[in-house]
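Visitor: I would like to understand how the words used for a structure follow from its values. Could you take me through some of them slowly?

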Amino acid sequence: AEPLAKLHEGKATCADCHGRSKKISVDDSEKGVNKNCISCHGTLAEMGKKSHEEVNPHKSHLGEISCTACHHGHTASWAYCLSCHPFDMKIAGGGATAYKAADVAKNKKRADKADVVVIGAGAAGFTAAITAHDAGAKVIIIEKQPITGGNSMLAAGGMNAAETTFQKEKGIADSVELMYKDTMTGGGDLNDPALAMLLAKNSASSVAWLTGLGADLSDVGRMGGASVNRTHRPKGGAAVGAHITDVLRRNADQRNIDIRVNSKVVKILEDKKGRVTGVRVVGKHSGEYTINAKAVIIAAGGFSANPERVAYYRPEYKGMTTSNQPGATGDGIDLGTAAGADLKDMKEIQIHPTVAAGSRTLITEAVRGNGAILVNHEGKRFVNELTTRDKASAAILAQRGQSAYLVFDDGVRKSLKQIDGYFHLNLVQQGATLKDLAAAIKVPADALEATVAAYNKGVDDKNDAEFKRPDLPRALRTAKYYAIEVKPGVHYTMGGLKITTGSEVLAKDGKTIAGLFAAGEGTGGVHGKNRLGGNSISQTITFGRIAGENAAKLAKSS
Ligand code: MEZ
């Protein structure tokens, strides 16, 4: 494929893309080039209005991404969407492979300076950065991917929190103790009790903090393993991740926080006493350089998108699909261990029961929370749909074909905005009647009708006699009827860097590594053996705030 520079020949000059200065300078985030793309082609939003393909790559849940995330000037272009979706998407100058960092010269002399460096621009990283900034620290965020948002941007279901104003307005009786108890029970009591308690205790203030930044978390639904409705999400049940990522990104921009994408931390620097002094970074264009800093926060996520490592810890998950973005490879955990960190619970890897068969698209647990049932290829229910993820996944894997159908009606569809996205991606089969649906998905019609009738009776009686599903929000009686075939996929890694309740990283001798903090999925201990749906976003915000606050405090005192 001809790279874009070649395709622009005769239409634009080098200076049109790179500016008029004699020395071509391209910052790693490529903001200058992007500005010039926009001046000729229009903004992302304008491009989104121009194209009317069924799947419009300029209008996506990835938010305000830069042009050069997909369109490359001097190497083959590659649509970022294809990292996760199998679209037949053509792109000018498109090649067969994703961007690979070019060989870069070492830039040994360059040494930038910050109080706090945050590694990773997902929800934990943004939260830590905003908190540290607001506490008076100069912050730099380093992100290896060409876009910000990390896995948080894909988070669907919501954010768990107890004793919030939104719950109170809806008359939901919840407590910190109950959220703690559910989290510990869901985690098989392997959780670090102090970290799990911190999660529950700070959850309401984390919802208030995000709301204060402009987030809408007013809808409250239910996830597996929760005793009451405590999963907060935008009105109408829209996906939480893209929304809060937009809010956090906007807040970081408003504060002029220095965010460098296409930049990878390759080493955490320490002095002779083992105190953290900064990081070495490799930028896409600027090469390898140093940032001196008084504190470093690792917020680089887990390793679900690293199949070799998943199979190393859990051979039985070899070859399984993942719901994660391609950057979730565990680099932050490696950086921490290279700096002497201890690890916790690395073998605890969560399989999400409902990834659409043959894809990497997570079908949010909220679909079950709002009333969908799981039906096997014989047309029968086989599990309490709101049990914990480990149990639901094991039950699906025990069915013929190791898959099942999520079956729901138009009532469920209308109750949750996110479901429209599954139609858009052609993942849903439908029928005007249950009989038609049964024919479409090739299950025995009599069995499917009997299954739904028995379930609806349970809803009417407020008692799911067979599977003891605790929450029965609605009967499935409103045509049309829908089904999505689902299979379990690697979704979350519960293990990671061992931390204190202050988000300080612990070394193998049990002492903290001075100046090193961590938050989010790359840490171990909060969730034990199994994370409850909705506890991840809650963890990123709560521990991001703690890490940001403590890192800023340390930086300002040293
Ligand atoms: O926390 C999660 O992983 C979550 C809520 C996922 C989902 O099913 O939506």
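Guide: Please keep in mind that this is a predicted model. Let us begin with the shell around the ligand, whose residues divide into 3 nonpolar, 6 polar and 3 charged.

Visitor: Which residues surround the ligand?

Guide: The ligand has around it Ala156, Gly157, Met223, His352, Leu362, Thr364, Glu365, Arg389, His491, Arg531, Gly533 and Gly534.

Visitor: What makes Gly157 count as polar?

Guide: The grouping places Gly among the polar residues, so Gly157 is counted there, whereas Ala156 counts as nonpolar because Ala is listed in that group.

Visitor: Why is the pair formed by the ligand and the side chain of Arg531 called a polar contact?

Guide: An oxygen atom of the ligand lies 2.6 Å from an N or O atom in the Arg531 side chain, and a polar contact requires a pair of N or O atoms within 3.5 Å, so the pair qualifies. For the side chain of His352 the distance to a ligand oxygen is 2.7 Å, and for that of His491 it is 2.7 Å, so these pairs also meet the limit of 3.5 Å.

Visitor: How much of the ligand does the protein bury?

Guide: Taken alone, the ligand exposes 270 Å², and the protein buries 94% of that.

Visitor: Turning to the helices, at what angle do the axes of α8 and α9 cross?

Guide: The axes of α8, residues 193–213, and α9, residues 240–254, cross at roughly 65 degrees and come within 9 Å. On the α8 side the contact is made by Trp209, Leu210 and Leu213, while α9 contributes Ile244, Val247, Leu248, Arg250 and Asn251.

Notes: Residues are numbered from 1 along each chain as its sequence is written. This is a predicted model: local features need pLDDT of at least 70, side-chain atom pairs count only at pLDDT 80 or more; totals for chains, interfaces and linings use all residues. Side-chain values use heavy atoms; hydrogens and water are left out. Axes are lines fitted to C-alpha atoms, for helices over the stretch in contact, and angles run from 0 to 180 degrees between N-to-C directions. Helices (H or I, at least four residues) and strands (E, at least two) are DSSP runs, numbered from the N terminus. Contact means heavy atoms within 4.5 Å. A residue is near a molecule or strand if one of its heavy atoms lies within 4 Å of it. A polar contact is a pair of N or O atoms within 3.5 Å; within protein, one must be able to donate a hydrogen and the other to accept it, and residues adjacent in sequence count only if both atoms are side-chain atoms. Accessible areas come from the Shrake-Rupley method with a 1.4 Å probe; for residues, only the protein chains shown count as cover.
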